[in-house]
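New to this one? Take a minute to turn the model around before reading on.

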Amino acid sequence: MRDVIIRPQTRDDEAEVEEVNRRAFGRQDEARLVARLQCAREASISLVAERDGRVVGHILFSPVNVEGLPDDLRAVGLAPMAVLPEHQRQGIGGRLVEAGLAACRQAGFAAVVVLGHPDYYPRFGFVPASTWRLRCAYDAPDEAFMVLELRAGALSGVSGLVRYSPAFVDLET
């Protein structure tokens, strides 16, 4: 997997990032979400996976509001994470998640939430958010809404609703 480089997204990557998200999800919603978050400057961390000079994967982290989280602690949501279909099942997504979590730690975030596949994200340390008495603002199965504490003890005594950016709700407009 040495032929894949994980690096911060640049403005020059925008068209390829749009293509990765559109093709990976088979629809335009996630590509529009990325564009909205980046346009509103709500994208905290955006990384790409590059192979042979071409963007083949993308991951984005954006701020979330966690009820009960002290003001001096910040949390982000992982969404979306995408890999071109012909490059899937090669470990690229895992490398994006690992690099993204490392970047989140380095940026000082206390926790990361994800609404994702319950068989995929636990390998990175994610647990059901209900373990910490956290609830998703969306109607989501308990096992699919997960959290990872990046700073030990950051979620101790925290409970409540997790709210994503309005960009997540307003995709149709």
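What follows is a quick tour, from the overall fold down to a few charged side chains.

First, a word on what you're looking at: this is a predicted model. The protein chain has three helices and nine strands. If you walk along the sequence, they come in the order β-α-α-β-β-β-α-β-β-β-β-β. The radius of gyration is 15 Å, close to the 16 Å that the globule rule gives for 173 residues, so the chain is as compact as a globular protein of that length. Its C-alpha atoms fit in a box of roughly 45 × 40 × 30 Å along the principal axes.

How much of the chain is buried? Buried residues account for 47% of the 173. Then there are the contacts between residues at least 6 apart in sequence: 69% of these join residues at least 24 apart. On the outside, the protein chain exposes about 8,800 Å², with carbon and sulfur atoms supplying 48% of that area.

Now for the charges. The chain carries 20 positive and 24 negative ones, and the mean positions of the two sets are 2 Å apart. Side chains of opposite charge can pair when their charged atoms come close. Here, the structure holds eleven salt bridges. Three of them are set out below.

| Salt bridge | Closest N to O |
|---|---|
| R22 and E18 | 3.7 Å |
| R23 and E19 | 3.5 Å |
| R23 and E86 | 2.6 Å |

Where do R22 and E18 sit? Both are in helix α1, which covers residues 14–25, and they are four residues apart, about one turn of the helix. R22 is partly exposed, at 33% relative accessibility, and E18 is partly exposed too, at 28%.

R23 and E19 repeat that arrangement: both lie in helix α1, four residues apart, or about one turn. R23 has a relative accessibility of 29%, so it counts as partly exposed. E19 comes in at 25%, which is also partly exposed.

R23 has another partner, E86, with the closest N and O atoms 2.6 Å apart. R23 lies in helix α1 while E86 is in the loop between β4 (75–83) and α3 (92–106), so this pair ties together parts that are 63 residues apart in sequence. E86 is partly exposed, with 39% relative accessibility.

Which residues join R23 in a network of salt bridges? E19, R54 and E86 are linked with R23 in that network. It's a good spot to zoom in on when you go back to the model.

Notes:
Residues are numbered from 1 along each chain as its sequence is written. This is a predicted model: local features need pLDDT of at least 70, side-chain atom pairs count only at pLDDT 80 or more; totals for chains, interfaces and linings use all residues. Side-chain values use heavy atoms; hydrogens and water are left out. Helices (H or I, at least four residues) and strands (E, at least two) are DSSP runs, numbered from the N terminus. The radius of gyration is taken over C-alpha atoms; the globule rule is 2.2 Å times the number of residues to the power 0.38. Buried means under 20% relative accessible area, exposed over 50%, partly exposed in between (1.4 Å probe, protein chains only). Contact means heavy atoms within 4.5 Å. Accessible areas come from the Shrake-Rupley method with a 1.4 Å probe; for residues, only the protein chains shown count as cover. Lys and Arg count as positive and Asp and Glu as negative; His and the chain ends are not counted. The place of a charge is taken as NZ of Lys, CZ of Arg, CG of Asp or CD of Glu. A salt bridge is a side-chain nitrogen of Lys or Arg within 4 Å of a carboxyl oxygen of Asp or Glu.
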